[in-house]
Amino acid sequence: MYRRIAIQHEDFDVGRELSDLRASSAGRVGAMAAFCGVVRDHARAESVESLELEHYPGMTERSIESVIDRAEQRWPLDAVVVIHRVGRLTPGEQIVLVLATSQHRQAALEACTYIIDLLKTEAVFWKREVAETGARWIESTGADHSRSADWSAPRPGGAVSEED
Amino acid sequence: MIRVRFFAALREKLGRESIEVDSKMHSDLCRVIEAIRAQLGEAAAEAVCASNIRVAVNREFIGRDVHLREVNVRDGDEVAFMPPITGG
């Protein structure tokens, strides 16, 4: 399985990432799932001016590798790309991109959801939200933790679909 | 020397990004915390021991249930104290 992890200040081009992956996997892949996270302009009824993301070089990449390792064990994937931005971002800017490709849609869609759910609780990043009223460090929510934990629960039965 | 790093809210609270600890005198994480107390004060030592702070040695998380005295550190190691993380 091909994988690429990038932690970067600069923006990314979702279309180009999808095209590159499609070109490099021609014929093998029948499904490409993408998730792109974007900075919201409101949180807790406050107006957000910016979001500052920091990471721990070396450890952050390792934490993302670990999430992708588990996705790879769970679904028949052809490729996974995770691009995560750091630094100061303003509302409307892209923060994170997750791409997962497979022969069939179910694996690609589920793996994409799984990876972003686990990034919320396991990826080594810190976010500081700057609003008119001041700044605060934000943490993953109870909902984030329960979504992440749900993936550890036994899955309901059902074979992987062979349709595309 | 052992490099001790503080991230995010903890860095702001302590007013420091990192400190250096003499490795001859500090052979486990308890001794690293003693060194933090000596260099940055009691409030700093308490802050790094808060229940929501995770510890990593050489970029590997130490399990929440592991006692700090059981974790050996030596010259050249990097210890990190990390507030709750969130990506995505």
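The following dialogue examines chains A and B of a predicted model.

User: What makes the radius of gyration of chain A agree with that of a compact globule?

Analyst: The rule takes 2.2 Å times the number of residues to the power 0.38. For 164 residues this gives a value near 15 Å, and chain A has 17 Å, which agrees. Along the principal axes, the C-alpha atoms of chain A fill a box of roughly 50 × 35 × 30 Å.

User: What share of chain A is called buried, and on what ground?

Analyst: A residue is called buried if its relative accessible area is under 20%. Of the 164 residues of chain A, 45% count as buried. Chain A exposes about 8200 Å², of which carbon and sulfur atoms supply 48%.

User: How many helices and strands does chain A have, and in which pattern?

Analyst: Chain A has 4 helices and 9 strands. Along the sequence they follow the pattern β-α-β-β-β-α-β-β-β-α-β-β-α.

User: Why are strand 3 and strand 5 of chain B said to pair?

Analyst: Pairing requires at least two bridges between two strands. Strand 3 (residues 54–57) and strand 5 (residues 78–82) of chain B are joined by 4 bridges, and therefore they pair; they run antiparallel. Within this region, B:V55 stands opposite B:F81 of strand 5.

User: What makes strand 2 and strand 4 of chain B edge strands?

Analyst: The open sheet of chain B has 5 strands in the order 2-1-5-3-4, with mixed pairing. Strand 2 (18–21) and strand 4 (60–61) of chain B each pair on one side only, and these are the edge strands.

Conventions: Residues numbered from 1 in each chain as written. Chains lettered and ligands numbered in written order. Predicted model: local features only at pLDDT ≥ 70, side-chain atom pairs only at ≥ 80, totals over all residues. Heavy atoms only, no water. Helix = DSSP H or I, 4+ residues; strand = E, 2+ residues; numbered from the N terminus. Buried < 20%, exposed > 50% of the residue type's maximum accessible area, 1.4 Å probe, protein only. Areas by Shrake-Rupley, 256 points an atom, 1.4 Å probe, with all protein chains shown as cover.
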